[in-house]
Amino acid sequence: MIDRVKENIGLYILVLPALLYVILFDYMPLYGVLIAFENFKPIKGIWGSDWIGLYHFERFMHLDIFWVLIKNTLSLSVYSLLAGFPIPIILALALNSVRSERFKKVVQTVTYAPHFISTVILVGMLNVFLSPRLGVVSQLLNSAGMMNGPLMILTNPDAFSHLYVWSGIWQGVGWGSIIYLAALSGVDPSLHEAAKVDGANKFHLAWHVDLPSIRPTIVTLLILSCGGILGIGFEKAFLMQNSLNLSASEVISTYVYKSGLLQSQYSFSAAVGLFNSAINLTLLLTVNKLAKKFGQSGIF
Amino acid sequence: MRSKGARWIAGVLSIAIIGGALIGCTGTKQDEGNKPAADSPLLDGGITNATGFPITKEPITLTVGIAYGAHMGDITKNNIWKKIEEKTNIKINLKVYSDAEKANLMFSSRDYPDIGFRMDASGQAMSDAIDAGDIVSMDDLLQYAPTWKKFFETNPELKKQAIMPDGKLYGFPYAVLNETSYNLRDQWFINQKWLDELGLQIPTTTEEFKNVLMAFKQNAGKGSIPQNVIPYYILYGNNIGGQFDMYGTFGVYAPGSYYIVEDGKYKSQATNPDLKEPIKFMADLYKNGLIVPEAFTDDWGRYTAAISSTPPLVGSMTSFVDQGQNFKDGKWWTPMAPLKSPNGKDPLIRRQTKSIWPRNFVIFKNNKYPVASARLAELLADPEWSLTENFGSEGIWWKKNADGKYELLNPTSEVADADKPLSNYGIALLDEEMFNDKIVNDNFTKEGTREWAYVHIYKKYLPAKDLNYPPLPSGLLSDMEKQRMTDLGQSLNDYIKTTIANWISGKGDVDADWDAYTKKLQQLGLDEYIELNQKQLDAASKLGG
């Protein structure tokens, strides 16, 4: 063991900063999770606050809104995953099959661009475009005679998840496809040539050669995204909320912000965060196991 | 640190001894007895003078924390800080918290400034800091701030608002007791120019109001009424500019939430069946396009942009401040009385609670110069300083007349950040006497101003009793009770807000759904919520004796 370390000492030194980073910033602060089981008071500190066990977890689960929160959070993230996961793959496969380099570059740049818009701006754009009476969309539909009266999409709780998910896809699809494009560039060109000799067209190439080659990448990313399923972003849901769509737009993180952080209830917020993480970890492990069972390599 | 602390204690002790000795000597040594007891070289370790200016013998720096949003301008540029330094030898080093989270974080990390002005931290954060002894109690310091001492002695009702559950005071207040300001929440405006163009009168009943709005809508694009007119604009659910004055016009008082205090009893208006009528009226306005869907989607920024647009987009709205006083092409807005409704009940306009901001100047325990800080608070309570703090720079916002009275001015051009008021972000002491006898305000005689409207229109529509929930210190309930109250309040308010929004926007029918709605509120724990609030109210009424 020690001999092997000595032998590869250069590599160990190389990995040391990253290791230190993880220990310092990811493992050391973990003890702070204790406040989820305490009635935390800043004056008494993390070690000195009163221990109250699972009180905050029970409190969270007994909220009337608990199941609404779970339902909204889950349905938003599952929808995001189902709709948002395959589209970057399709885009990457399509881009990979494009022969004109110039066209490919243009499409890539255009699809990446929205990634650099911040969420606040994105929601601002949504609000401006879809504003009930004065928004561009409302005006266009009205002048085209396809609609009469205000466009009620922002206030409709049923439309909230579609707006949320598809604006997210619009923003993220180009960025999400980069990793698949990278994986596709590693596909052996001889496989393509061999398939072409056998008479495969572009569609066949993508389906039978490209897709199987990037399958490990897809599975890894899928497992990772399943691990974030309850961690639906706070910012966007919060910004898109209004009093008419609240029944669909109140998710765990926005609720925690309003009743936890703004009221200095750090213990409660930590408890809900821990609850989230526990479920996410379980999901991640389950999907990982399933992937292995079906003959794919998992993430560990 | 320790030696400074010891010196401080020694200072306090020696004051006590000297003071005691002087009391013993009164009568015999009259001349010495007249000297202030605290004329000791040891205040704040010898730095601070007991009386006179400058406050400190040599320049010191105090860090002052203040919550101030970036959109309101650069508060560090305000002239007042320079003025303070020149007069007192105290250099103010401002630490600006741009939002509530930053202030909360400061409290939870206990990284305190020397003095906290308005910080917008949660009540919980403030009471935790007080429990921890991180904020200095005023008990020993009030002697250096005689004006404030007198203020608390002569205003027991206001002192009650400031007292913490342990019976002590922990800060100096922003106390601007201007009747026209605190007694009236929003004024109700109607677009006078449009009325004139259409040859219409100011509406006095809900029926007339609807007809006027209809006329605004039907004449969109004609005269000065724009194509995309918003006949009646509310920012639904908001205390300012929200729908609450429409409830009042039907005689149902809801001060900005759905809870009131009647004869000491906490009461919910959300389950008051009289609420059905105004909701139906608003649903009718909505159906006719007189309330627009933006009422539910706009945020504060877009709302203020729309109501302050030039030329106006809006036919009628409610707002605290006068709108468009300075428009070049004449006055657009006229305040109007709340409307008579078909149910025959007396219409009401909302009032605010007569209140102070009790802890807009707190001294943290790491402050090495508590006496100098208290003396600074005393200086800031001076009438002329208070005028500058509350209204803005002398010569721009107010001037002193030959008869010794203070005349308020209306600046006509854009005011620089340096001359803006601190208003309720700092402290000031302007009591009712000051407003009645000393401050000359032209606006009372100028038709259409808030002051004029208060006297001539709104005064008689204010509810007779003070029904608003009084400001209470945090810490009257146990932590568990408080958390329970937060949880219940959150789910109740969300449900009320969404349900009424649906009724107004035509989803569901208030008559048919009312029973299910009240039942659901019970289910969500309305009774328990009321009980907890009642308990808090009762505990508060026992405070301060």
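Arg110(B) sits in the loop that runs between helix H4 (100–109) and strand S3 (115–116) of chain B. Its backbone stands out for its phi angle: the value is near 55 degrees, which is positive even though Arg110(B) is a residue other than glycine. This comes from a predicted model, and local features such as this one need pLDDT of at least 70. A second backbone detail turns up in another loop of chain B, where Pro54(B) is found between helix H2 (30–34) and strand S1 (60–67). The peptide bond leading from Phe53(B) into Pro54(B) is cis, with omega near 0 degrees.

Now for the meeting of the two chains. The contact draws on 35 residues of chain A and 37 residues of chain B. Arg133(A), Ser243(A) and Leu244(A) together supply 19% of the area that chain A buries against chain B, more than any other three residues. As for overall size, the area buried between chain A and chain B comes to about 3,200 Å², and carbon and sulfur atoms give 55% of that area.

Charged pairs also feature here. Over all chains the count comes to 28 salt bridges, and four salt bridges are found across the interface of chain A and chain B. One of the pairs joins Asp128(B) to Lys41(A), with the closest N and O atoms 2.9 Å apart. This pair crosses between chains, starting from Asp128(B) in helix H5 (residues 123–131) of chain B and ending at Lys41(A), in the loop between strand S1 (38–39) and helix H3 (45–48) of chain A. Arg133(A), already mentioned for its share of the buried area, forms a salt bridge with Glu294(B), and there the closest N and O atoms are 3.3 Å apart.

Polar contacts add to the picture, with 11 residue pairs found across the interface of chain A and chain B, both residues being at pLDDT 80 or more. On the side of chain A that touches chain B, helix H4 (55–61) and helix H16 (252–261) of chain A each supply at least two residues. H16(A) gives the most to that side, with five residues. Sorted by class, the residues of the side of chain A that touches chain B come out as 18 nonpolar, 11 polar and six charged.

Within chain A, a helix pair is also worth a look. Helix H7 (residues 101–112) and helix H10 (residues 157–185) of chain A pack at an angle of about 130 degrees, and their axes are 7 Å apart. H7(A) and H10(A) are therefore oblique to each other. From H7(A), the residues Gln108(A), Thr111(A) and Tyr112(A) take part, and they meet Gly174(A), Trp175(A), Ser177(A), Ile178(A) and Leu181(A) of H10(A). By class, this contact of H7(A) with H10(A) splits into four nonpolar and four polar residues, with no charged ones.

Key:
Residues numbered from 1 in each chain as written. Chains lettered and ligands numbered in written order. Predicted model: local features only at pLDDT ≥ 70, side-chain atom pairs only at ≥ 80, totals over all residues. Heavy atoms only, no water. Axes fitted to C-alpha atoms, helices over the stretch in contact; angles between N-to-C directions. Helix = DSSP H or I, 4+ residues; strand = E, 2+ residues; numbered from the N terminus. Parallel < 35°, antiparallel > 145°, perpendicular 65-115°, else oblique. Contact = heavy atoms within 4.5 Å. Nonpolar A, V, L, I, M, F, W, Y, C, P; charged D, E, K, R; others polar. Buried area = accessible area lost by both parts, 1.4 Å probe. Salt bridge = Lys/Arg side-chain N within 4 Å of Asp/Glu carboxyl O. Polar contact = N/O pair within 3.5 Å; in protein donor to acceptor, adjacent residues only side chain to side chain.
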